Amino acid sequence: MSLEKSKNTGTGPSDDTTYAISAQDVHITYEDGTEAVQGLSLEVERGEFFGFLGPNGAGKTTTIKSLVTLLHPTQGAIQVEGFDTVEDPLAVRESVGYMAQETSIDRELTPRENLRLACELYGVSKSERADRIEKLLDLVDLQDVADERSEKFSGGMKKRLDAATVLVHRPPVVFLDEPTTGLDPEARRRLWDYFKRINEEGTTVFLTTQYLEEADHLCDRLSLIQDGQVVATGAPETLKSSVGGDLFEVTLADPSKSRTERAIRAVRKLDQFAEASFETTENGFTVRTERDSETTSEFFAALNGANITVTDFNIQSPTLDDVFLALTADESADVASGTVTESAPEVSL
Ligand SMILES: Nc1ncnc2c1ncn2[C@@H]1O[C@H](COP(=O)(O)OP(=O)(O)OP(=O)(O)O)[C@@H](O)[C@H]1O
């Protein structure tokens with residue numbers, strides 16, 4: 001195959017399209033000059049559950065809108081299922097389902113009517129409609145209320161119905177923009193099950209979220225985005241292990257400065273802690289390490305040998321929060337309230 005053919009020219013997907021989504025150096029600047037996306041590149045494989053994670057205003061919605069052709073990049077290029085979003089927007093739209101932040105269902109209509117309408121809008125053939133509607137109602141657990149008007153539905157039910165409507169044309173790629181924001185834990189779990197099911201059936205899922213737990217639970221890989229730039233990409237476990245292992249939190253019987261320093265000196269003599277970074281706390285100290293049973297027993301033996309009495313000990317596994325914090329240097333990063341402030345170079349893991 002010639003190079004020319006494998007590049008996307010707007011005439012359709014190349015035969016060797018590997019990626020469901022591919023973006024190269026995308027910049028998006030709004031008319032008022034806001035540079036919402038600044039040099040974003042990413043590749044999502046077919047069948048992947050990919051997360052796009054960042055605080056309020058990081059550029060998630062702007063990115064997702066450009067991926068589904070609602071916004072054009074100021075610079076750079078995007079292909080979805082091999083179709084260029086600028087050259088071939090119709091082909092892209094036929095390939096995707098897009099669940100926006102605001103539900104797009106008609107509250108005057110019942111779930112069955114909403115799905116029928118979506119089938120008409122997406123051009124699902126009449127012979128296929130009835131069967132597809134029933135399957136989707138089953139999938140999102142709305143059979144019981146299929147003929148009730150949706151205006152009185154809970155937030156979670158509306159979201160489930162919305163999620164079903166974006167699937168009527170069986171798109172290979174589904175974009176979910178913060179689909180569970182504002183839902184209670186039970187409603188969130190039900191949506192997660194549903195998203196997992198469609199992914200297991202082969203659909204590529206691109207999910208934006210502010211919830212670290214959500215990304216951790218669902219995603220094969222994810223990118224962390226901040227100020228319009230990807231700061232890290234990797235599998236959740238890989239990202240978490242990049243933080244440097246588990247956090248040991250040690251409470252000392254005597255947490256005075258001299259005893260704490262003595263304890264730290266004793267532990268630092270162990271090879272695996274020689275380079276570790278210790279922090280003193282009100283009650284003792286913390287240190288991060290790759291944990292195994294030998295490390296933990298040697299840790300306690302060292303403290304014992306130095307006559308240090310430990311009154312409490314906790315081990316915390318790293319979270320994606322820790323990854324965010326580590327990547328945003330010494331500035332505070334509060335993902336939920338969107339106050340990550342300092343940009344960091346991208347880390348590929
Ligand atoms: N239509 C617009 N005109 C100008 N600036 C905009 C517009 N839409 C978004 N922005 C700005 O672009 C930046 C990125 O916004 P975007 O909505 O993409 O972030 P987000 O990560 O999706 O945030 P949220 O989690 O709050 O939805 C923000 O600074 C936002 O204020």
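Two residues are in contact if their C-beta atoms, placed from the backbone, lie within 7 Å. With that in hand, the reader can follow this predicted model from one of its loops outward.

The starting point is T103, which sits in the loop between strand 6 and helix 4. Leaving aside residues up to four places away in sequence, T103 touches K158, K159 and D162. Another residue to look at here is L161: 58 residues separate L161 from T103 along the sequence, while their C-alpha atoms are 8.8 Å apart in space. T103 counts as partly exposed, because 19 C-beta neighbours lie inside 10 Å, and a residue needs 20 or more to be buried.

On one side of that loop is strand 6, residues 96-99. V96 and Y98 point one way from strand 6, G97 and M99 point the other way, and all are buried. Strand 6 runs parallel to strand 7, residues 173-177, and four bridges join the two. Within this pairing, Y98 stands opposite F175 of strand 7. In general, the strands of a sheet pair through backbone hydrogen bonds, in either a parallel or an antiparallel sense.

On the other side of the loop is helix 4, residues 111-121. Its buried residues are P111, N114, L115, A118 and C119. Viewed down the axis of helix 4, these residues fall within an arc of 140 degrees, so they line one face of the helix. Helix 5 (126-139) and helix 6 (155-165) are among the elements that cover the buried residues of helix 4. After helix 4 comes G123, with a positive phi near 70 degrees.

Antiparallel pairing is found in an open sheet of four strands, whose order is 2-1-4-5. The edges of this sheet are strand 2 (35-45) and strand 5 (83-84), each of which pairs on one side only. Strand 5 is joined to strand 4, residues 75-80, by two bridges in the antiparallel sense. One residue pair to look for is V80 with F83, its bridge partner in strand 5.

The next stop is the ligand. It is surrounded by 13 residues, and the closest are Y30, A36, K60, T61 and T62. Helix 2, residues 60-67, gives the most to this shell, with three residues. Sorted by class, the shell has three nonpolar, eight polar and two charged residues.

Farther along the chain, D227 lies in the loop between strand 9 (221-226) and strand 10 (229-234). Most residues other than glycine have a negative phi. D227 is not a glycine, yet its phi is positive, near 50 degrees. D227 is partly exposed, because 19 other C-beta atoms lie within 10 Å.

A positive phi is found again at N307, which is not a glycine either and has a value of about 60 degrees. N307 belongs to the loop between helix 11 (293-305) and strand 14. N307 is exposed, because 10 other C-beta atoms lie within 10 Å, and a count of 12 or fewer makes a residue exposed.

The loop that holds N307 leads into strand 14, which spans residues 310-316. How many of the seven residues of strand 14 are buried? The count is zero, and the strand is hardly covered. Strand 14 does have a pairing: six bridges join it to strand 11, residues 246-252, and the two run antiparallel. In this pairing, T251 has D312 of strand 14 as its bridge partner.

These parts can now be placed in the chain as a whole. The protein chain holds twelve helices and 15 strands. It has 349 residues, and buried residues make up 40% of them. Of the contacts in the chain between residues at least 6 apart in sequence, 70% join residues at least 24 apart.

A record adds one annotation. An unreviewed UniProt entry lists residues 21-252 as "domain: ABC transporter". Over residues 21-252 the chain is 34% helix and 29% strand, and the C-alpha atoms at the two ends are 52 Å apart.

How values were computed. Residues numbered from 1 in each chain as written. Predicted model: local features only at pLDDT ≥ 70, side-chain atom pairs only at ≥ 80, totals over all residues. Near = placed C-beta within 6 Å. Nonpolar A, V, L, I, M, F, W, Y, C, P; charged D, E, K, R; others polar. Pairing = 2+ DSSP bridges. Arc of directions from axis to C-beta. UniProt positions renumbered as here; feature names shortened; annotations may be inferred.
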